[in-house]
Amino acid sequence: MEFPSKLLEKAVEEMSQLPGIGKRTALRLMLHMLKQPEEQTMHLANALMKMRTEIIFCNSCHNISDKEVCDLCANPLRDHQTICVVEDIRDVMAIENTQLFKGIYHVLGGKISPIDGVGPSQLKIQSLVEKVKEGKVKEIIFALSSTMEGDTTNFYIYKQIKDYNIITSTIARGISVGDELEYADEVTLGRSLVHRVPFENAFKAV
Ligand SMILES: [Zn+2]
């Protein structure tokens with residue numbers, strides 16, 4: 001693509017680094033911005049800068065947050081002994097949308113995936129094991145996507161906590177095998193949580 005403006009070219013170049021945005025789409029977005037009032041672009045740029053520099057992770061559940069302890073963890077009305085283990089904030093949002101879960105979350109930040117170079121030490125697994133060891137947990141619900149990486153991650157964690165006196169369960173496989181959690185509809189996801197099964201049984205079924 002030949003650009004008569006280096007400024008435009010640079011902006012398109014940066015924008016097309018984003019997933020799902022090709023150069024043509026990036027160019028369309030930039031031309032749209034140039035037609036809009038200047039403040040609109042400034043507001044977007046400021047929101048992006050602020051999000052990137054000010055966002056933090058909750059000390060307790062590791063979810064993306066604006067505070068050191070997120071609103072979910074700080075809520076005394078939630079059941080702090082029931083912890084739902086998820087991959088990232090999108091899963092927290094999906095489960096919260098069902099309004100059927102009253103416990104708290106533990107956000108791992110990914111799944112164990114040797115192909116992508118993600119090992120257990122890069123995920124927030126140890127702090128979850130610590131919570132179990134400290135006797136703060138009654139039940140752990142595994143709610144990772146039912147993919148090979150999700151199962152590997154569940155099993156890795158399960159091995160470390162199975163000797164403590166807690167209930168371990170995994171969401172029922174109403175979620176199709178291979179599906180990402182965030183794409184499941186609310187009814188399916190809600191049902192999967194309500195009908196969760198003991199983790200051991202989930203293995204027997206496979
Ligand atoms: Zn939190």
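Let's start at one pair of residues: Glu139 stands opposite Ile167 in S6. Around that pair, strands S5 and S6 run parallel and are joined by 4 bridges. To get from S5 to S6 the chain passes through H7, in a β-α-β crossover that is right-handed. Keep in mind as you look around that this is a predicted model.

Now step back to the whole protein. The model contains 9 helices and 7 strands. Its C-alpha trace spans about 65 × 35 × 35 Å along the principal axes. Of the 206 residues, 29% count as buried. Taking contacts between residues at least 6 apart in sequence, 56% join residues at least 24 apart.

The sheet is a good place to get your bearings. Its 5 strands lie in the order S4-S3-S5-S6-S7, forming an open sheet with mixed pairing. At the edges are S4 and strand S7 (197–198), each of which pairs on one side only. As background, strands of a sheet pair through backbone hydrogen bonds, either parallel or antiparallel. Where does the antiparallel pairing come in? Strand S6 (residues 167–170) and S7 pair in the antiparallel sense, over 2 bridges. Within that pairing, Thr170 has Val197 in S7 as its bridge partner. Helix H7 (residues 148–161) packs on the sheet and touches S3, strand S5 (139–142) and S6, with a direction that makes about 170° with that of S6.

Moving along the sheet, S3 and S5 run parallel and are joined by 4 bridges. Here Ile83 has Ile140 in S5 as its bridge partner. S3 also pairs with S4, again in the parallel sense, over 5 bridges. Being an edge strand does not leave S4 in the open: 5 of the 5 residues of strand S4 (residues 103–107) are buried, so this strand is largely enclosed by the rest of the structure. S3, H5 and S4 together make a right-handed β-α-β unit.

Let's pause at Val85, which is found in strand S3 (residues 79–86). Is Val85 buried or exposed? There are 23 other C-beta atoms within 10 Å of Val85, and 20 or more is the mark of a buried residue, so Val85 is buried. Its bridge partner in S4 is His106. Apart from neighbours within four places in sequence, the contacts of Val85 include His106, Leu108, Leu128, Ile140, Phe142 and Ile157. Ile112 is 27 residues from Val85 in sequence, and their C-alpha atoms are 14 Å apart in space.

Next, follow the chain through the helix of that S3-H5-S4 unit. Two packed helices are described by the angle between their axes and the distance between the axes. For helix H5 (residues 89–98) and helix H8 (residues 186–194), the axes come within 9 Å and cross at roughly 85°. That crossing angle makes H5 roughly perpendicular to H8. On the H5 side, Ala94, Ile95, Asn97 and Thr98 take part in the contact, meeting Glu186, Leu189, Gly190 and Leu193 in H8. Sorted by class, this contact has 4 nonpolar, 3 polar and 1 charged residues.

Two loop residues deserve a look at their backbone. In general, most residues other than glycine have a negative phi. Gln99, however, has a positive phi of about 60° although it is not a glycine. You will find Gln99 in the loop between H5 and S4. With 9 C-beta neighbours inside 10 Å, Gln99 counts as exposed. His62 also is not a glycine, and has a positive phi of about 70°. This residue is in the loop between strand S1 (56–57) and strand S2 (64–65). His62 has 21 other C-beta atoms within 10 Å, so it is buried, whereas Gln99 is exposed.

Finally, visit helix H1 (residues 6–15), where Glu9 has its place. Because Glu9 has 16 C-beta neighbours inside 10 Å, it counts as partly exposed. Glu9 and Ala26 are 17 residues apart along the chain, and their C-alpha atoms are separated by 9.9 Å.

How values were computed: Residues are numbered from 1 along each chain as its sequence is written. This is a predicted model: local features need pLDDT of at least 70, side-chain atom pairs count only at pLDDT 80 or more; totals for chains, interfaces and linings use all residues. Axes are lines fitted to C-alpha atoms, for helices over the stretch in contact, and angles run from 0 to 180 degrees between N-to-C directions. Angles under 35 degrees count as roughly parallel, over 145 as roughly antiparallel, 65 to 115 as roughly perpendicular and the rest as oblique. Two residues are in contact if their C-beta atoms, placed from the backbone, lie within 7 Å. Ala, Val, Leu, Ile, Met, Phe, Trp, Tyr, Cys and Pro count as nonpolar, Asp, Glu, Lys and Arg as charged, and the others, Gly among them, as polar. A residue is buried if 20 or more other C-beta atoms lie within 10 Å of its own, exposed if 12 or fewer, and partly exposed in between; C-beta atoms are placed from the backbone. Two strands pair if DSSP finds at least two bridges between them. A crossover is right-handed if, with the strands pointing away from the viewer, the path from the first strand over the helix to the second runs clockwise.
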